[in-house]
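User: Hey, can you walk me through this one? I'm new to reading structures.
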2 protein chains.
Amino acid sequence: MLVASPPKLLVLGFALIILVGAELLTLPIASAAGHSTRWIDALFTATSATCVTGLVVVDTGTYYSTFGQLVILSLIQIGGLGFMTMATLFAVFLKRRISLKERLVLQEALNQSSIEGIVRLVRKVLFYTLCIEAAGAVSFTLRFMFDMSPGRALYYGIFHAVSFFNNAGFDIMGHFRSFTMYVGDPVMNLTAALLIFLGGIGFVVLADLVEYRTKRKLSLHSKVALSMSGLLIAAGAVIIFIFEYTNSLTMGPLSFGEKVLAAFFQSVSPRTAGVNTVDLASLRQATQFILIVLMFIGASPGSTGGGIKTTTFAALIGAVNTMIRGKEDVVMFNYRLAKERVYKALTVTLFALALVMVATMVLSTTEDHQFLMILFEVTSAFGTVGLTMGLTPELTLVGKIIIILMMFIGRLGPLTLSYAIAPKPGRVLYRNAEGKIIIG
Amino acid sequence: MLVASPPKLLVLGFALIILVGAELLTLPIASAAGHSTRWIDALFTATSATCVTGLVVVDTGTYYSTFGQLVILSLIQIGGLGFMTMATLFAVFLKRRISLKERLVLQEALNQSSIEGIVRLVRKVLFYTLCIEAAGAVSFTLRFMFDMSPGRALYYGIFHAVSFFNNAGFDIMGHFRSFTMYVGDPVMNLTAALLIFLGGIGFVVLADLVEYRTKRKLSLHSKVALSMSGLLIAAGAVIIFIFEYTNSLTMGPLSFGEKVLAAFFQSVSPRTAGVNTVDLASLRQATQFILIVLMFIGASPGSTGGGIKTTTFAALIGAVNTMIRGKEDVVMFNYRLAKERVYKALTVTLFALALVMVATMVLSTTEDHQFLMILFEVTSAFGTVGLTMGLTPELTLVGKIIIILMMFIGRLGPLTLSYAIAPKPGRVLYRNAEGKIIIG
Ligand SMILES: [K+]
Ligand SMILES: [K+]
């Protein structure tokens with residue numbers, strides 16, 4: 001009973017937070033104009049904030065009052081931190097069904113091994129989060145002070161540092177512009193990219209990195225997460241750079257250095273921050289498709305980001321590579337992955353793909369927009385990314401409901417599923433005889 | 001050496017047939033106008049015919065002379081029959097790396113068990129093919145005689161019976177119309193659908209069905225292939241019927257009965273015949289996407305059709321279902337599938353998906369058309385389906401080359417891969433230690 005409850009608690013807890021948030025956002029004082037917001041829009045915003053997605057039906061910067069923005073910021077912090085903590089806890093302590101050996105590996109990585117360690121772990125997550133967010137806020141504030149009053153710069157600095165570290169994708173720059181005005185600004189780009197990266201790499205890796213100075217050794221998980229993240233950012237940046245080099249609507253007018261910066265930033269953002277510095281609707285189709293793929297892959301496990309996760313993707317590549325070369329084992333950094341783990345990666349991906357496809361198909365009938373735009377929106381919602389080609393504010397009522405569901409499922413589904421994935425012991429009363437079918 | 005050669009022989013044999021066919025098609029007597037065809041277009045047509053795809057850069061009915069059409073028909077028959085025979089042989093006799101038990105299951109299904117059985121098997125495949133094609137040709141000819149002279153009706157009857165049984169998708173109705181003029185004709189629709197179904201269900205299932213009268217028992221493979229094919233056709237037809245009911249450009253003007261027939265036929269065709277009775281470019285986006293999914297899944301193993309195969313798709317559904325319900329085994333008809341088999345289904349699908357995605361991305365940069373149209377074309381080429389939203393005749397040179405490659409890989413890749421998939425015994429000198437990463 002107690003063993004089964006954590007995922008249920010997580011789902012119910014998130015639902016409760018979202019509903020409270022939605023109620024607060026419907027209050028007249030939450031909007032800049034002082035009128036009460038439609039419930040479906042408030043629900044959309046609250047879901048988007050709590051699930052750290054960043055898709056918005058109204059512009060956060062101009063539509064909401066400071067009170068409304070603070071409600072959103074609170075939802076982001078609770079949602080992001082809560083999820084990261086729960087995901088880490090699940091992986092380390094609560095997932096009793098995984099093998100002892102497996103837990104030991106994780107516990108070793110985190111240097112925690114007992115129930116009282118939960119408190120220590122949560123404290124550690126909180127401490128890391130606050131340190132990184134504070135550093136980000138200082139950097140942002142100093143840069144914002146060139147453009148606005150110190151008080152406002154501080155508010156903007158804190159808001160965006162929290163939003164970016166939690167990979168929430170919310171901004172208060174106004175008029176759905178995201179960070180497009182800072183496309184060539186190194187301070188903004190690097191601060192934002194670092195916040196996104198640290199928020200999306202996962203707490204297990206963060207802890208591993210901090211302890212690297214004393215241990216001089218990274219866990220296999222950290223190696224895979226770090227190298228796959230690096231690979232995705234580099235490959236994405238190169239492709240975006242090439243595809244958009246001559247696109248006069250996006251990167252064409254920029255200087256060479258700005259182009260590099262813009263390509264790099266647009267490649268970091270799908271992991272799964274949802275901030276953009278160029279207009280996504282003006283990108284070439286091929287670039288938009290690349291972004292969809294990057295958003296689907298997303299961030300690393302136990303982080304504030306979403307998607308199927310970098311480690312899952314690494315396992316997929318390993319599986320295909322192993323198959324093509326006619327080998328038996330998926331090998332990474334001289335370790336072999338257990339078949340069940342690769343199998344899990346494949347089924348998780350397939351489940352995610354099916355979900356995205358069904359939602360895209362339904363939206364294709366309810367929304368009068370191009371297929372790619374709809375696929376982009378659905379993947380963004382599922383991966384809790386928050387990038388959009390402009391569909392969000394134009395969504396129909398049914399469209400809004402489906403995107404709300406996708407954000408919620410995209411955030412909580414994989415974790416709850418991952419918790420429930422191991423077969424319940426003691427329930428297998430008999431096994432069927434093995435049958436054969438021809439595959440492929 | 002001899003063990004490794006069948007897939008190589010298959011690939012080289014197909015390449016040789018395609019090149020000879022392309023040379024013949026460039027001859028002036030092959031075109032109706034009597035001039036020589038551009039080599040890239042001849043290569044495209046020869047590849048499309050030999051790989052029984054049916055995508056065409058020029059209209060088969062009006063552009064090619066009778067000689068040219070007969071070259072195409074020969075390529076279809078050699079390609080379709082050759083592939084089906086080889087695929088069946090691979091599954092039954094040549095795949096020495098599969099377990100003895102597995103081979104016994106297949107041999108039981110085919111009632112063949114020795115090397116001299118190869119000859120018997122090939123003869124059986126030939127016999128079945130000719131019987132079904134002859135019956136189809138008779139039915140078609142009788143119907144065509146209402147519209148044209150008996151001689152022409154016979155020629156049209158034979159051409160389309162051979163093309164449809166081989167799931168080749170070629171037609172000689174002229175002007176890229178496919179069978180749109182027969183959208184409401186029950187004889188044409190049912191004959192075509194039956195030819196497509198029998199060609200696409202696979203020889204193993206055909207043999208199993210023929211022997212059902214004496215054995216009163218179907219193999220698990222046949223049960224899965226038949227039920228999944230039925231399910232896909234039914235589900236596809238219902239969705240297409242609903243989505244297109246009010247579409248004035250496709251099924252809107254038809255009577256209720258014609259609508260049912262049209263929805264049914266458009267749902268059968270992606271398995272992977274490539275004949276259409278309504279204009280595919282005018283379908284709603286959601287319907288086009290459904291067709292893409294159906295084309296990707298395709299036909300059953302060891303058949304004239306392509307795609308990842310119905311049994312593979314059944315294994316995928318089983319895997320996701322098993323995962324969601326927290327069970328251990330994928331169970332079908334009270335038999336459990338071996339983990340390795342499900343694993344193979346997952347990797348084959350992933351490989352196919354990656355291939356389609358990369359090709360789509362490349363074509364997105366070379367072709368100036370909508371994303372969905374390009375995805376449709378690439379999936380159609382990979383699944384050797386032959387349906388198109390109209391992109392094929394407008395392909396650029398690079399586009400043509402990529403689609404040619406996709407047709408070839410889509411036809412031969414999965415089989416060759418499937419042959420090579422088992423790890424080579426005796427090569428595993430050491431195994432790496434197991435490492436752990438967090439998935440999802
Ligand atoms: K986000
Ligand atoms: K075809």
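Analyst: Sure, we'll start with chain A and then look at a helix pair in chain B. Keep in mind that this is a predicted model.

User: Cool. How many helices and strands are there in chain A?
Analyst: Chain A has 17 helices and three strands.

User: And how much of chain A counts as buried?
Analyst: Of its 440 residues, 62% count as buried. As for contacts between residues at least 6 apart in sequence, 69% of them join residues at least 24 apart.

User: Which residues of chain A does UniProt annotate as "transmembrane region"?
Analyst: The unreviewed UniProt entry gives that annotation to several stretches of chain A, including residues 42-58 and 342-364.

User: What do those two look like in the model?
Analyst: Residues 342-364 of chain A are 100% helix, and the end C-alpha atoms lie 33 Å apart. Residues 42-58 of chain A are 53% helix and 0% strand, with end C-alpha atoms 9 Å apart.

User: OK, over to chain B. How do α13(B) and α16(B) sit, roughly parallel or roughly perpendicular?
Analyst: Their axes cross at roughly 20° and come within 9 Å. That angle is under 35 degrees, so α13(B) and α16(B) count as roughly parallel. The crossing is left-handed.

User: Which residues make the contact?
Analyst: From α13(B), they include B:Leu291, B:Ile292 and B:Phe296. On the α16(B) side, B:Leu375, B:Phe376 and B:Thr379 are among them.

User: How many are nonpolar, polar or charged?
Analyst: This contact has eight nonpolar residues, four polar ones and no charged ones.

Terms used:
Residues are numbered from 1 along each chain as its sequence is written. Chains are lettered from A and ligands numbered from 1 in the order in which they are written. This is a predicted model: local features need pLDDT of at least 70, side-chain atom pairs count only at pLDDT 80 or more; totals for chains, interfaces and linings use all residues. Side-chain values use heavy atoms; hydrogens and water are left out. Axes are lines fitted to C-alpha atoms, for helices over the stretch in contact, and angles run from 0 to 180 degrees between N-to-C directions. Helices (H or I, at least four residues) and strands (E, at least two) are DSSP runs, numbered from the N terminus. Angles under 35 degrees count as roughly parallel, over 145 as roughly antiparallel, 65 to 115 as roughly perpendicular and the rest as oblique. A crossing is left-handed if the near helix is turned anticlockwise from the far one by less than a right angle, and right-handed if clockwise. Contact means heavy atoms within 4.5 Å. Ala, Val, Leu, Ile, Met, Phe, Trp, Tyr, Cys and Pro count as nonpolar, Asp, Glu, Lys and Arg as charged, and the others, Gly among them, as polar. UniProt positions are given in the numbering used here, feature names are shortened, and annotations may be inferred rather than shown by experiment. Buried means under 20% relative accessible area, exposed over 50%, partly exposed in between (1.4 Å probe, protein chains only).
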